[in-house]
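I opened the model today to go through confidence, folds, cores and the contact between chains. My notes are below.

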Amino acid sequence: MEKQSDLLLDIEHLHTAYRLQGKFYDAADDVNLTLKRDEILAIVGESGCGKSTIASSIIGLYDHKNTRVTGDILYNELNLVGLNESLFNQIRGNKIGMIFQDPLASLNPLMRVGDQVAETLYYHTDMNEKQRHDRVIELFNQVGMPRPEEMFNMYPHELSGGLRQRVVIAIAIACKPEIIIADEPTTALDVTIQAQILDLLEDIQKETHSGIIMITHDLGVVAETADQVAVMYAGQIVEKSDVKTVFEHPLHPYTRSLLNSMPQSDDETEDLHVIQGTVPSLKNMPREGDRFAARIPWIPASAHEEEPKIHEVEPGHFVRCTCWQDFHFEQESSK
Amino acid sequence: MWKTVLRRILIMIPQLLILSLLVFVLAKMMPGDPFTGMINPNSDPKTIARLKQEMGLNDAPWVQYCRWLGNLMHGDLGQSYIQKVPVASLIWDRAVNTFWLSLMSVILTYLIAIPMGISAGRHQDGWQDQSIQVFNYITFAIPAFVFYILGLWLFGFTLGWFPISGSVSDTATGFWGIFFSRIYHLILPAILSAIIGTTATVQYLRTGIVDNKVEDYVRTARSKGVPDRVVFNKHILRNSLLPIAAFLGNTITGLLSGSMIIEQVFSYPGMGKLFLDSIGQRDYSTLTALILLFGILTLVGNLLSDIIMSIIDPRIRVQ
């Protein structure tokens with residue numbers, strides 16, 4: 001029983017399609033993911049690979065007119081796909097908290113930050129105004145804001161980027177959610193602040209035993225925080241495993257290319273590895289064959305599967321397509 | 001916030017001085033002098049010269065300017081060349097009329113424009129939005145005087161619902177009788193100028209809502225589980241009203257210049273009509289006073305916008 005309730009989120013065959021000029025295009029294509037309690041799941045990929053699409057699908061914040069979501073997102077037996085808005089509003093902010101990328105834009109410029117945190121409590125708890133105020137002060141302490149009483153009455157523009165992100169985190173964790181989705185939480189911050197915010201998220205997780213989905217393009221963030229990693233390319237998950245395996249024995253060509261293009265501080269002489277080409281746009285995405293094939297043209301077409309599937313190559317380690325068996329870097333072949 | 005208001009009022013002092021200087025120079029550049037039309041042209045030039053000396057017209061310009069400014073401070077705007085009465089008393093009654101007309105017009109403008117802007121922004125590209133856009137094109141494109149004359153003809157002459165001129169009926173008696181008669185005379189010009197004045201407010205509000213709807217902070221509010229209705233009223237709408245508050249000063253200036261047309265069409269005895277009449281009669285002293293007054297009101301309008309902005313937008317308050 002204990003084991004079962006550890007599963008917080010079970011995403012199965014999620015397809016999220018956006019309407020572009022009358023036609024729907026899958027931005028997340030057959031995504032399968034699970035999130036357990038006390039786990040940080042990192043979703044990594046380049047811009048436009050569909051990682052934020054997964055976040056907005058989970059929390060149900062997308063343009064309902066121009067987005068089509070199919071598949072299952074199971075939270076405690078409850079399917080969040082197609083859930084009606086008033087039920088969803090009881091879950092959002094309460095059971096699922098969300099942290100956004102740009103902490104300045106994420107806060108209402110005309111509202112005191114304390115009130116913005118208290119607003120979450122107003123909709124999900126029976127607290128009176130005084131209790132909400134005290135809880136906000138408690139949260140501000142928890143997220144490491146100095147002089148919380150004073151901060152309560154400040155407006156977003158009066159705070160630094162790091163402090164604003166702490167307010168955003170306070171909003172997300174106000175109701176002690178079981179799931180926290182952090183969409184690029186450190187991208188807009190200074191490097192020194194980034195580490196503080198990541199430490200804070202880890203501390204919060206230890207306290208609340210929540211599950212965190214960390215969406216990022218920064219492999220450093222992944223290495224530092226994640227337990228499980230899902231690597232995405234062009235709307236699909238191409239590799240999925242625990243963090244150690246992904247960093248030590250990456251298999252998929254894309255994962256290997258990503259890791260290879262990370263700057264190494266101990267080796268300044270070597271040029272940075274660059275992955276050829278760019279991520280295809282949503283409209284021009286190849287719908288057949290290996291979507292990454294175009295960016296590793298020196299690998300013969302015969303190496304790819306016709307319809308690449310996810311294979312469990314070792315327990316808990318999933319890789320799409322079989323081309324990884326024949327993959328080598330171009331430089332290596334020319335040597 | 002009080003610091004912002006105080007600072008803003010202090011900035012107004014040099015603005016007012018520059019305005020008064022401009023108006024003074026303008027008055028000096030106008031042809032003629034206070035004797036034009038006042039005395040027998042056959043008078044002895046020596047007498048005129050003596051009078052000029054006595055009235056201080058031979059003093060250095062800056063001495064004259066300071067004296068004029070001093071008189072202004074005491075509420076003395078000089079004598080009307082044509083009407084032979086103090087300009088201040090001539091303007092006062094008209095200013096009261098224009099004030100009520102403008103106030104009613106601005107209130108009606110917002111009563112009409114804000115619901116329209118909200119509806120258009122909320123149902124972007126829906127039928128509500130499209131009909132409002134059509135309405136906007138029409139009110140923006142139609143010349144004000146054509147619109148006023150059409151309204152006057154339809155509701156005043158043809159249907160006879162409203163009086164067609166003046167600010168109060170001669171037969172009205174008693175405080176309430178006069179009060180209601182004034183309101184009755186105000187309604188048609190106020191409604192017409194409100195309708196034609198909605199364009200900017202509707203557009204600003206619509207654009208504000210459309211832009212704010214997709215802002216990140218709105219997404220944050222939704223992610224907190226705040227119901228859509230509250231997200232709209234508390235987060236989107238409040239942020240979208242900022243440009244309208246900023247535009248208030250402009251609206252007031254627009255009403256003043258608009259008053260010239262509407263008061264002329266409705267023969268409504270206000271400042272705008274007085275201004276046009278004074279131009280026709282070359283009543284320079286009245287004109288000078290009116291120009292000064294319009295200038296001051298424009299500055300006050302901008303002051304009001306800034307104060308309102310500083311109340312609703314914490315970002316522009318002085319620390």
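These entries follow the order in which I looked things up.

**Entry 1: confidence.** I noted before anything else that this is a predicted model. For chain A I found a mean pLDDT of 86, with 95% of the residues scoring at least 70. I then asked where in chain A confidence is lowest and where it is highest. The low end is helix α1 (residues 2-5) of chain A, with a mean of 50. The high end is helix α4 (residues 113-124) of chain A, at 94.

**Entry 2: chain B overall.** I counted secondary structure in chain B and got 13 helices and 0 strands. I looked up the extent of the chain: the C-alpha atoms of chain B fill a box of roughly 85 × 55 × 40 Å along the principal axes. Of its 319 residues, 32% count as buried. I also checked sequence separation in chain B: among contacts with a separation of 6 or more, 73% are between residues 24 or more positions apart.

**Entry 3: nonpolar cores.** Which residues touch the most other members of the largest nonpolar core? I found A:A170, A:I181, A:I213 and A:M214, in a core of 104 residues. Helix α7 (residues 161-173) of chain A gives the most to this core, with 8 residues. Another core lies apart from it and has 34 residues, including B:A194, B:I262, B:Y268 and B:F275.

I followed up on A:M214. Leaving out residues up to four places away in sequence, A:M214 touches A:I40, A:L41, A:A42, A:A182, A:V221, A:T225 and A:A226.

**Entry 4: helix α2 of chain A.** Is this helix, residues 51-59, largely enclosed or open? I found 9 of its 9 residues buried, so the helix is largely enclosed by the rest of the structure. The buried residues include the charged-end A:K51 as well as A:S52, A:T53, A:I54 and A:I59. Just after α2(A), A:G60 takes a positive phi of about 70°.

**Entry 5: where the chains meet.** How many residues does each chain bring to the contact? I read 20 residues from chain B and 24 residues from chain A. On the side of chain B that touches chain A, α9 (216-223) and α10 (228-240) of chain B each supply at least two residues. Helix α9(B) gives the most to that side, with 7 residues. By type, the residues of that side of chain B divide into 6 nonpolar, 5 polar and 9 charged.

Terms used. Residues are numbered from 1 along each chain as its sequence is written. Chains are lettered from A and ligands numbered from 1 in the order in which they are written. This is a predicted model: local features need pLDDT of at least 70, side-chain atom pairs count only at pLDDT 80 or more; totals for chains, interfaces and linings use all residues. A nonpolar core is a set of buried Ala, Val, Leu, Ile, Met, Phe, Trp, Tyr and Cys residues joined through C-beta atoms within 7 Å. A residue is buried if 20 or more other C-beta atoms lie within 10 Å of its own, exposed if 12 or fewer, and partly exposed in between; C-beta atoms are placed from the backbone. Helices (H or I, at least four residues) and strands (E, at least two) are DSSP runs, numbered from the N terminus. Two residues are in contact if their C-beta atoms, placed from the backbone, lie within 7 Å. Ala, Val, Leu, Ile, Met, Phe, Trp, Tyr, Cys and Pro count as nonpolar, Asp, Glu, Lys and Arg as charged, and the others, Gly among them, as polar. pLDDT is the predictor's confidence in each residue, from 0 to 100.
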